[in-house]
Amino acid sequence: MSHRGHIDHIGHIGRMRSLTWKLSLAFLLVSVTGALVAAIFIWQATQHAFQNDALAHAQSEFITQMAGYYQYHHSWDGVAEYARTLAPPNQNPNPNGPPRPPNYPAFVLVDTQHHVVLPGHTHYSGELITASEYARGSPVKVNNQVVGVVLEDSTPPPLSAADMNFLASIESALILGGLAAVLVALALGIVLARSLTRPLRELTLALHAMAGGDLQQVAPVRSRDELGQLATAFNSMSANLAAANAQRRQMTADIAHELRTPVTVIAGYLEALRDGVLPPSPERFAILYDEAQHLRHLIEDLRTLSLADAGELTLQPQSIAPRVLLERITGAYQHQAERQGVALAIETEDETDDREAIPVDVERMTQVLSNLVNNALRYTPNGGAITLGATATPQGTYLQVRDTGQGIPPDALPHIFDRFYRADVARSHSQEASGLGLAIAKALVEAHGGTIDAQSQPDSGATFSIFLPTRSLYTAP
């Protein structure tokens with residue numbers, strides 16, 4: 001790795017570590033916020049509960065005391081003086097207030113005539129309250145008779161020392177628990193952040209290795225979530241790139257091999273003719289012409305494949321009946337088939353119905369079928385048969401080329417459409433074919449929006465099937 005690449009690598013790792021700390025701080029911030037909000041709510045709820053409990057207890061005790069006073073005096077006269085003795089010792093007088101007892105309690109006492117007999121912060125002595133407010137008061141009963149009601153004042157009674165101590169302990173516990181939660185959240189945040197960024201670090205290292213030229217990289221798949229799917233997609237991409245690179249290298253070597261043979265022959269003959277070693281003759285010129293034609297065909301095949309790969313292959317669609325298309329092929333190869341002792345025939349469902357015409361580029365589809373028939377003739381022995389068929393369905397049209405030749409080995413069947421691949425090693429150096437025929441057939445069929453596949457059993461022949469959809473999937477220029 002170069003110095004600049006090493007610096008970039010360190011920079012990427014530094015950014016990855018920064019992401020780890022960002023995630024850790026995010027987890028910490030969420031945890032602190034959650035703990036703080038929970039502590040506030042718990043503190044307020046606890047304090048409110050204690051105040052309500054203290055208020056209910058004080059009100060019950062106040063009602064009991066007022067009921068005892070009325071039962072003893074049979075009236076509310078002098079109740080204000082009695083209430084002063086009940087006020088807490090730390091309550092200070094209110095000299096600026098209305099004429100009411102200075103040490104008033106947290107409750108207001110109202111008689112049955114709705115007059116205030118014991119004032120508080122919100123009511124003064126002798127005030128006439130409404131019937132609805134009177135109905136909300138807590139009754140004071142003597143001998144099962146209501147002699148007055150008690151209303152809550154705006155100021156709640158003070159909490160006892162025991163209650164204050166308990167609330168203080170709750171506050172301390174909340175603070176300590178919050179600190180412990182923050183520490184635990186920080187530790188868990190770091191662990192989770194590292195676990196989340198670990199696949200990213202591994203992918204970064206793998207990408208650096210790919211940038212250095214090693215395309216075959218495998219990132220560990222540690223989960224089935226989005227990060228696991230990312231690692232799986234990366235591994236698939238890496239494998240495809242490695243395979244494509246290997247295929248490119250192999251294709252370059254195959255092209256060089258295919259070009260070297262005719263070029264060597266042409267160069268050898270031309271050198272011999274130039275030096276006078278061989279005299280010129282029609283036979284030698286015919287050899288040179290054949291080799292030049294072989295070069296031209298190979299270059300044209302490569303150009304066709306490159307145009308198909310780039311999506312720039314020009315198609316000229318025409319409507320033609322499948323049988324008419326097949327008859328063109330049989331007419332072109334009938335003589336060669338008879339010389340080899342091979343029967344060449346057509347089988348279709350309806351020999352006269354032209355309504356099933358299909359829109360195809362006739363020249364390109366003829367090239368596809370010619371490649372298939374030529375390939376079948378090459379591997380079908382004397383006495384064998386080649387059958388061309390067509391079947392129309394609502395979805396589309398099937399074209400088939402079947403032979404009774406030696407078949408295709410199972411291990412070679414998945415690769416027969418690969419460029420420069422030959423199942424027959426003995427024919428790998430034959431000048432009769434470049435090894436691109438089936439690859440070109442596949443590219444041309446796919447350019448028509450169709451598919452092509454092969455089925456075969458050893459020593460049982462092979463069947464190539466072409467499917468062309470009813471409505472063409474390609475757009476003609």
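Modeller: A residue counts as buried under 20% relative accessible area, as exposed over 50%, and as partly exposed in between. This is a predicted model, and Tyr398 serves as the opening example, at 34% relative accessibility.

Biologist: Why is Tyr398 called partly exposed?

Modeller: Its relative accessibility is 34%. Partly exposed is the class between the cut-offs of 20% and 50%, and therefore Tyr398 counts as partly exposed.

Biologist: What makes the pair of Tyr398 and Phe467 tilted?

Modeller: The structure holds 5 aromatic pairs. In this one, the ring centres of Tyr398 and Phe467 are 4.8 Å apart and the planes stand at 45°. Centres must lie within 6.5 Å for a pair, while planes under 30 degrees apart are stacked and those over 60 are edge-to-face. An angle of 45° falls in neither class, so the pair is tilted. The pair also links distant parts of the chain, with Tyr398 in strand β9 (residues 396-403) and Phe467 in strand β11 (residues 462-469), 69 residues apart.

Biologist: Is Phe467 buried or exposed, and how do you know?

Modeller: Phe467 has 18% relative accessibility. The limit for buried is under 20%, so Phe467 counts as buried.

Biologist: How do you know that Glu347 and Arg402 form a salt bridge?

Modeller: Their side chains meet at 3.2 Å, N to O. A salt bridge requires a side-chain nitrogen of Lys or Arg within 4 Å of a carboxyl oxygen of Asp or Glu, so the distance of 3.2 Å qualifies. Glu347 lies in strand β6 (residues 343-348) and Arg402 in strand β9, so the salt bridge ties together parts that are 55 residues apart in sequence. Glu347 is partly exposed at 47% relative accessibility, and Arg402 is partly exposed at 28%.

Biologist: What makes Arg303 and Glu300 a salt bridge?

Modeller: The closest N and O atoms of Arg303 and Glu300 are 3.9 Å apart. The cut-off is within 4 Å, so this pair is a salt bridge. Both residues lie in helix α6 (residues 282-309), 3 residues apart, about one turn of the helix. The structure holds 6 salt bridges.

Biologist: Which residue forms a salt bridge with Arg323, and how far apart are the two in helix α7?

Modeller: The partner is Glu327, at 3.2 Å from N to O. Arg323 and Glu327 are 4 residues apart in helix α7 (residues 322-339), about one helical turn.

Biologist: Why is Arg323 called buried?

Modeller: Arg323 has a relative accessible area of 19%. Buried means under 20%, so Arg323 is buried. Glu327 has 38% and is therefore partly exposed.

Biologist: Why does Leu176 count as exposed?

Modeller: Leu176, in helix α4 (residues 161-211), has 59% relative accessibility. The cut-off for exposed is over 50%, so Leu176 counts as exposed. Together with Ile175 and Leu179, Leu176 forms a nonpolar patch on the surface, with about 320 Å² of accessible area.

Biologist: What makes Glu202 buried, and which residues does Glu202 touch?

Modeller: Glu202, which also lies in helix α4, has 17% relative accessibility. This value is under 20%, so Glu202 counts as buried. Not counting residues up to four places away in sequence, Glu202 touches Pro220 and Arg222.

Biologist: How many helices and strands does the protein have, and what percentage of residues is buried?

Modeller: The protein has 9 helices and 11 strands. Of its 477 residues, 37% are buried.

Conventions
Residues are numbered from 1 along each chain as its sequence is written. This is a predicted model: local features need pLDDT of at least 70, side-chain atom pairs count only at pLDDT 80 or more; totals for chains, interfaces and linings use all residues. Side-chain values use heavy atoms; hydrogens and water are left out. Buried means under 20% relative accessible area, exposed over 50%, partly exposed in between (1.4 Å probe, protein chains only). Patches are made of residues with over 30% relative accessible area and no salt bridge: like charges are joined within 9 Å, nonpolar side chains (Val, Leu, Ile, Met, Phe, Trp, Tyr) within 5 Å. Accessible areas come from the Shrake-Rupley method with a 1.4 Å probe; for residues, only the protein chains shown count as cover. Rings of Phe, Tyr and Trp (its six-membered ring) pair if their centres lie within 6.5 Å; planes under 30 degrees apart count as stacked, over 60 as edge-to-face and the rest as tilted. Contact means heavy atoms within 4.5 Å.
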